[in-house]
Amino acid sequence: MVAPGHRLCTGCGAGVIIRQMLMSTDYPIVVSNATGCVEVCTSVYPYTAWRVPWIHNGFENAAATISGVEAAYKSMKRRGDLPARKNDKPIKFIALGGDGGTYDIGLQSLSGALERGHDFLYICYDNGAYMNTGIQRSSASPFGANTTTSPAGVMIQGKQEERKDLTAIAAAHNIPYVATASPGYYMDFTRKVSKALEAKGPAFINVLSVCPLGWKSEPEESQVLARLGVETCFWPLFEIENGKFRLTFRPNVKKPVVEYLKRQGRFGHLFKAGNEHMLAHIQQRVDEEWGRLLEREKK
Amino acid sequence: MSGNAVIAEAAIAAGCRFYAGYPITPSSEIAAVMAEELPKVGGVFIQMEDEIASMGAIIGASLGGMKALTATSGPGFSLKQENLGFACMAEVPCVVVNVMRGGPSTGLPTLPAQGDVMQARWGTHGDHPIIALYPADLTEMYWQTVRAFNLAEKYRTPVILLSDELLGHMSERVEIPDASELTIIDRRKPDVAPDQYLPYDVKTELVPPMANFFEGYRYHVTGLTHDETGFPTEDPDLAEAQLRRLMLKVSANADDIMEWEEDGLADAEVAIFAYGAAARSARAAIAELRAAGIKVGLFRPITIWPFPEAALVKAVSHAKALFVVEMNMGQMIREVERGIRDVPIVGIHKVSGQPIDPEEIVLTVREFLEGKVTLPQKAVYQMSV
């Protein structure tokens, strides 16, 4: 449902994500898209890469816009105002945003839509910075990442703050379905999308999106990184279905996080002498979080 | 050096030590340079979660005693409007840069426009004073950035520094003045004891002194209409007196705030009114027309708000025609018309995202002089060139 020829960079994770997202379902889909790379690169005049109805509004309001569409659809359906369609399956709604449009400026409208209980799926493609405007840090940027507004230099060694746990924030709305995913584990991701669309009410999936431009990684390694993120437990895969937590992937051997970091130039400064403690810190945080998730599953 | 980098450098030279912002094309380089440079001079750079928060943060920082800057473009400028009105009302000095791009909405993020000049004046609700500056080259950008901070501090009010994608992303030779050449103005602090301090005194002067937080002066800061102590009031006399004083801060000091350039107008039979990037096109067109023996001059407001109306009227009243060149559908032309009664006004407007080609101006002027542009009694808007 995503046409080839869009302008996303070679090796862009988001292109893979939107393709897998739309491959996951037979329902007719309406997409609302926050401002960002995907919005810009899939809709360069006079073309569109979207073979489904698609709305771009602002940076902060993909969830608010889809709320309106979904509420109108429900109301029109109730009143019998909808024209007959060949495909009689119900229409499903997906809002799509990057980490800037979701973790930061769009958090308010996301929270509002989740709380009001609109029947829609929000997918965040998280590449950990504002890549579209020139690689500025976001609240999704990992600790230590070099961005243009958290530059690694004399004063600081990249971003000094930890990443916001957006998935936990979404889960705190007690919605029917919340998950993390990675296009590197595409069967897992597509299954989660279908499940989320079946959920009665709001669903949220946070997807790791590799960005060769901002991560300073090799484009041909994008799928490798999308898998390594999961295999190092930097980006654990889980779902929370009606409150029930479940890990959907457990690595046989948990790889050290440096395997993931060393392939990305944005972490290059962490491998310089004197920054060993930062690598150790990142590993420690990953281990702690993974430990918490293992404990949580036992409950 | 790019125009955006110039703004960042000049802000630091003006004493700005606080930047809060949110990435948006075509202004993001200002944030990137501030992120690099501010920590080196003991300043603070914060990237906020959106433009609303960025504007809130610079107001807070300014109340705390720092000179503060934020920069954005169209959609972000829209989000800043509520807090901008608060800064006018609570009289908090700060500088807001708007590097204009094509609008409305997301518009043309990477292309220049001048469609926010009226938003700079009336973007936030209610009557409010505003100062907006709009340079046309990068050396001037440096000076006007410094002046923006000075005016904000002097008049205790937000100042909008307008730029556009063209100025923001272009590079040209910039003459950076030595620090000793700059006049730096700081807000006047109270010279009375804390218990006698009136932060919004209407009686004695237009711009009451401003006490920073942490210095022992405790006062009430609110966006509600307030009396001289800062506490909310609905007393009609006090409400009217406060708003009148707010407006007078700028209108009564307009002569100090307004700057403009007049070039070749004394003998001009044709005058051109242009500002910002469009003035660069106008200059090139004027050079070509002058070389062809046609006497053309330029009136260029550097201070957009308050609008230098009297100066414009005086400078162009002898001309056969006034061409208003702007990269919008016709915004400042209305302001020009308010003052100019007896000179035919021709608008040259372009909203394609492309800069105005000097040839387009040359052609329109020539057509006018050859009698091909038929003017109605008052003015004609040529909506595309």
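# A guided tour of cavities, pockets and two elements of chain B

A search of this whole structure, which is a predicted model, finds two cavities of 30 Å³ or more. The tour begins with these cavities, continues to two pockets, and ends in chain B.

**Stop 1: the largest cavity.** Select A:D126, A:N127, A:G128, A:A140, A:P142, A:R163, A:L208, A:W215, A:F234, A:W235 and A:R266, which line the largest cavity. The space that these residues surround has a volume of about 50 Å³. Colour the lining by class: six of its residues are nonpolar, two are polar and three are charged.

**Stop 2: the second largest cavity.** Next, select A:K92, A:F93, A:D119, A:F120, A:L121, A:A196, A:L197 and A:A199, the lining of the second largest cavity. Two elements of chain A, β3 (92-98) and α7 (186-198), each give two or more residues to this lining. The volume of the second largest cavity is about 40 Å³. Its lining consists of six nonpolar and two charged residues, with no polar ones.

**Stop 3: the largest pocket.** Turn now to the pockets. The largest pocket holds about 900 Å³ of space. To find its centre, select A:T35, A:E39, B:R101, B:T106 and B:P109, the closest to that centre among the 46 lining residues. Which elements should be highlighted here, each supplying at least two residues of the lining of the largest pocket? In chain A they are α2 (37-41) and α4 (99-104), and in chain B they are α4 (74-90), β4 (94-102) and β5 (108-112). The largest share, five residues, is that of α4(B). Coloured by class, the lining of the largest pocket shows 18 nonpolar, 22 polar and six charged residues.

**Stop 4: the second largest pocket.** Select A:R163, A:K164, A:D165, A:F234 and A:E289, which lie nearest the centre of the second largest pocket, out of 29 lining residues. Add α6 (166-171), β7 (238-241) and α11 (276-298) of chain A, the elements that give two or more residues to this lining. Of these, α11(A) provides the largest share, eight residues. The second largest pocket has a volume of about 650 Å³, and its lining divides into 17 nonpolar, four polar and eight charged residues. A:R163 and A:F234 have already appeared on the tour, in the lining of the largest cavity.

**Stop 5: strand β4 of chain B.** Return to β4(B), one of the elements that line the largest pocket. Is this strand largely enclosed or open? Nine of its nine residues are buried, so β4(B) is largely enclosed by the rest of the structure. Now show strand β3 (residues 67-72) of chain B beside it: four bridges join β3 to β4(B), and the two strands run parallel. For one such pairing, select B:L69 and its bridge partner B:V95 in β4(B).

**Stop 6: helix α6 of chain B.** Finally, select residues 138-155 of chain B, which form helix α6. At 1.5 Å a residue, its 18 residues should span 26 Å, and the end C-alpha atoms are 25 Å apart, which agrees. Of those 18 residues, 15 are buried, so α6(B) is largely enclosed by the rest of the structure. Inspect both ends of the helix in turn. At the start of α6(B), a side-chain oxygen of B:D137 comes to within 3.1 Å of the backbone nitrogen of B:T139. After the helix comes B:R156, whose phi is positive, near 50 degrees.

Notes. Residues are numbered from 1 along each chain as its sequence is written. Chains are lettered from A and ligands numbered from 1 in the order in which they are written. This is a predicted model: local features need pLDDT of at least 70, side-chain atom pairs count only at pLDDT 80 or more; totals for chains, interfaces and linings use all residues. Side-chain values use heavy atoms; hydrogens and water are left out. On a 1 Å grid over the protein atoms alone, a cavity is a set of points where a 1.4 Å probe fits but cannot get out, and a pocket is an open set with protein on both sides within 12 Å along at least five of seven lines; lining residues have an atom within 4 Å of a point. Grid points are joined across faces, edges and corners, and a volume is the space filled by probe spheres set on the points. Ala, Val, Leu, Ile, Met, Phe, Trp, Tyr, Cys and Pro count as nonpolar, Asp, Glu, Lys and Arg as charged, and the others, Gly among them, as polar. The expected span of a helix is 1.5 Å times one less than its number of residues. Buried means under 20% relative accessible area, exposed over 50%, partly exposed in between (1.4 Å probe, protein chains only). A polar contact is a pair of N or O atoms within 3.5 Å; within protein, one must be able to donate a hydrogen and the other to accept it, and residues adjacent in sequence count only if both atoms are side-chain atoms. Two strands pair if DSSP finds at least two bridges between them.
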